[in-house]
Amino acid sequence: MTILDKIIARKREEVRTAKTTSSLETLSDSPLFHRTCYSLKDHLLDPKKSGIIAEYKRASPSKGLINGTASVKDTVSAYQHAGASAVSVLTDADFFQGSLQDLLAAREVLNIPLLRKEFIVDPFQIAEAKAYGADIILLIAACLESAAIDELAAYAHQLGLNVLLEIHNQEELERSPLQHIDAIGVNNRNLKDFSVSLDHSRDLVDQIPQSHLKISESGLSDPGTIRDLKSIGYQGFLIGENFMKTNAPGQAIEQFISEIHPG
């Protein structure tokens, strides 16, 4: 059983438990459930912003604890101030030490799009994302059948959320229905063994339809790489560990962005 298999099995247990303590009706009563979501496209393509989706992530299965001291509000506020186009917050507890409360805390201080970074397997999680202030949900092709991708994405659009589909190879792209997808993210990290290669982004960029935002995810630690990926067509860059592994993630992203366009 791969790490991804373990995460998904645990996620299904979590959803079953969550449904015993809450309901779609309860979630829809949340004040945030009825807010209009920020547009991921508008913010990614804003020339005044960097295209970076900056991630708040305490830990990961491959690295263990990354940063146990940086506060959610301080970190995401600094990301926003530095010029991030959007912010991603991990909400998985067992493997990433996150929570829905982290998402809520981020929403309180942000006026840019907020992504719930989660392993979504059920529409209930999408309703949770809306109720806790997300603008974007992530669907991971590696852990979803084609019909599930279409069903979950359609429901997210029904709620007014943006949908980011994560793929790792051409097979996942070709079998994924894209009607309700806003952005396609190429994960440079293999979720089965956690190896990283930027060749995934380079190989797949021309396969992604021009009608969809193109985002490169994971393993992005060099401003020069961002310049290269922009030059071949990527508009967004999901970066977390590179900032979170420092003592001051806000300063790290500010320095990183200044080096994307030096001078």
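Start with the whole chain in view: of its 263 residues, 56% count as buried, where buried means under 20% relative accessible area, exposed over 50% and partly exposed in between, with a 1.4 Å probe and protein chains only. This is a predicted model, in which local features need pLDDT of at least 70 and side-chain atom pairs count only at pLDDT 80 or more, while totals for chains, interfaces and linings use all residues. Residues are numbered from 1 along each chain as its sequence is written, and side-chain values use heavy atoms, with hydrogens and water left out.

**The whole chain**

Show the C-alpha trace and turn it around: along its principal axes it spans about 55 × 40 × 35 Å. A compact globule with 263 residues would have a radius of gyration near 18 Å, and the 17 Å of this chain agrees with that. That radius is taken over C-alpha atoms, and the globule rule is 2.2 Å times the number of residues to the power 0.38.

Now switch to a cartoon, where you can look for 12 helices and 10 strands. Helices (H or I, at least four residues) and strands (E, at least two) are DSSP runs, numbered from the N terminus.

Contacts tell you how the chain is connected: among those between residues at least 6 apart in sequence, 68% join residues at least 24 apart. Contact here means heavy atoms within 4.5 Å.

Next, turn on the surface. The accessible surface comes to about 11200 Å², of which 47% belongs to carbon and sulfur atoms; the areas come from the Shrake-Rupley method with a 1.4 Å probe, and for residues only the protein chains shown count as cover. If you colour by charge, you will find 26 positive and 35 negative side chains, with the centres of the two sets 3 Å apart. Lys and Arg count as positive and Asp and Glu as negative, with His and the chain ends not counted; the place of a charge is NZ of Lys, CZ of Arg, CG of Asp or CD of Glu.

**Stop one: strand E8 and its neighbours**

Select residues 183-187. This is strand E8, and five of its five residues are buried. Show the side chains: Ala 183, Gly 185 and Asn 187 point one way, and Ile 184 and Val 186 the other. In a regular strand the side chains alternate between the two faces of the sheet.

Add residues 162-167, strand E7, which runs parallel to E8 and is joined to it by four bridges. Two strands pair if DSSP finds at least two bridges between them. To line the two up, pick Leu 164, which stands opposite Ala 183.

Then add residues 213-217 for strand E9, which is parallel to E8 and joined to it by five bridges. Here Val 186 stands opposite Ser 216, and Asn 187 is opposite Glu 217. Five of the five residues of E9 are buried, so this strand is largely enclosed by the rest of the structure. Leu 213, Ile 215 and Glu 217 point one way from E9, whereas Lys 214 and Ser 216 point the other way.

Keep going to residues 236-239, strand E10: three bridges join E9 to this parallel strand. Ser 216 is again a useful marker, as Phe 237 of E10 stands opposite it.

**Stop two: strand E6**

Select residues 136-140 to see strand E6, with five of its five residues buried. Ile 136, Leu 138 and Ile 140 point one way, and Ile 137 and Leu 139 the other way. Strand E5 (residues 114-117) runs parallel to E6, with two bridges between them; Arg 116 has Ile 137 as its bridge partner.

**Stop three: some loops**

Which way does the backbone turn at Ser 218, with phi positive or negative? Select Ser 218 in the loop between E9 and helix H10 (223-231): its phi is near 75 degrees, a positive value in a residue other than glycine. Most residues other than glycine have a negative phi. Ser 218 is buried, with a relative accessible area of 15%.

Gln 97 also has a positive phi, near 60 degrees. Find Gln 97 in the loop between strand E4 (86-90) and helix H5 (100-109); at 41% relative accessibility, Gln 97 counts as partly exposed.

Finish with Lys 48, in the loop between helix H3 (40-44) and strand E1 (52-56). Lys 48 is exposed, with a relative accessible area of 72%. Draw a distance from its C-alpha atom to that of Lys 245, 197 residues apart along the chain, and you should read 26 Å.
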